[in-house]
Amino acid sequence: MAELVFASPFYGPALLIGDHYDKTYGLTYPYETSRGYLVPSGKSWLIRAETSRTWSTHDAPAWEGNISLYTSSRFGLDTSYTRYSEHSGDDLHSPAFLDVVPTFSFARTEKWDWRVGAGYEGVQGNTHHDRLKLIYDVKYFFASNFRLDVDLGTSLASGNTVFEVSPGIAYHWDRFEIKAAYERRSISNVILEGPKVSLALWF
């Protein structure tokens, strides 16, 4: 019973959206020919390049660059670099985060994409820390050209655990995307949170 409860966040979404791993998909730009980016036949890969700005607490605005790889095989890769430009509490000074996380779409349809990942996070503050980064992301393509996101993450090491949550809504136009989100990142007793605006290009 404990195994079923623990595994439910992974097999549950696939059952709910009807993903039985019996369909082969190609990729296309979001809303180009279908609601999301999955089509019966198409490209074998897509890349999403994003730049974003977060207005955070502690007078610590942040810039972030992100490049994500999506493939028709369900495997992918998320890479990002985030830099906070001011002091953010007593324990961290202008912290920076570098993430390299292989991902897997464990539940997907034309409307849904549920992904998990495990990889590397480097945290640079007063000192440098190498950490294990875990992510759990949900994308729902709804209505015309709109997408809802919920991005969860944590990174683990011998020091303080980092927790991240970022719900948001995106609008697609051709190969471009604009997204508004709210991001919260907690590091020990320091909480960095605030609105986030992103611009992205799919290619």
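Glutamate 177 has plenty of company: leaving aside residues up to four places away in sequence, it touches Arg48, Arg147, Ala170, Tyr171, His172, Ser198, Leu199, Ala200 and Trp202, where a contact means heavy atoms within 4.5 Å. Keep in mind that this is a predicted model, so local features need pLDDT of at least 70 and side-chain atom pairs count only at pLDDT 80 or more, while totals for chains, interfaces and linings use all residues. Residues are numbered from 1 along each chain as its sequence is written, and side-chain values use heavy atoms, with hydrogens and water left out.

Two of those neighbours also pair with the glutamate 177 side chain through polar contacts. The arginine 147 side chain does this at 3.1 Å, and the tryptophan 202 side chain at 2.9 Å. (A polar contact is a pair of N or O atoms within 3.5 Å; within protein, one must be able to donate a hydrogen and the other to accept it, and residues adjacent in sequence count only if both atoms are side-chain atoms.) Glutamate 177 sits in strand 11, residues 176–187, and counts as buried because its relative accessibility is 3%. The scale here is under 20% relative accessible area for buried, over 50% for exposed and partly exposed in between, with a 1.4 Å probe and protein chains only.

Now zoom out. The chain has one helix and twelve strands, and the helix comes before the strands when you read from the N terminus. These are DSSP runs numbered from the N terminus: helices are H or I with at least four residues, strands E with at least two. The C-alpha trace spans about 50 × 45 × 25 Å along its principal axes. Of the 203 residues, 47% are buried. Among contacts with a separation of 6 or more, 48% link residues 24 or more positions apart.

Back near the start of the chain, two tyrosines are worth a click. Tyrosine 21 lies in the loop between helix 1 (2–17) and strand 1 (26–27). Its phi is near 60°, a positive value in a residue other than glycine. Tyrosine 31, in the loop between strand 1 and strand 2 (38–39), likewise has a positive phi, near 65°. As for cover, tyrosine 21 counts as partly exposed because its relative accessibility is 45%, whereas tyrosine 31 has a relative accessible area of 15% and is therefore buried.
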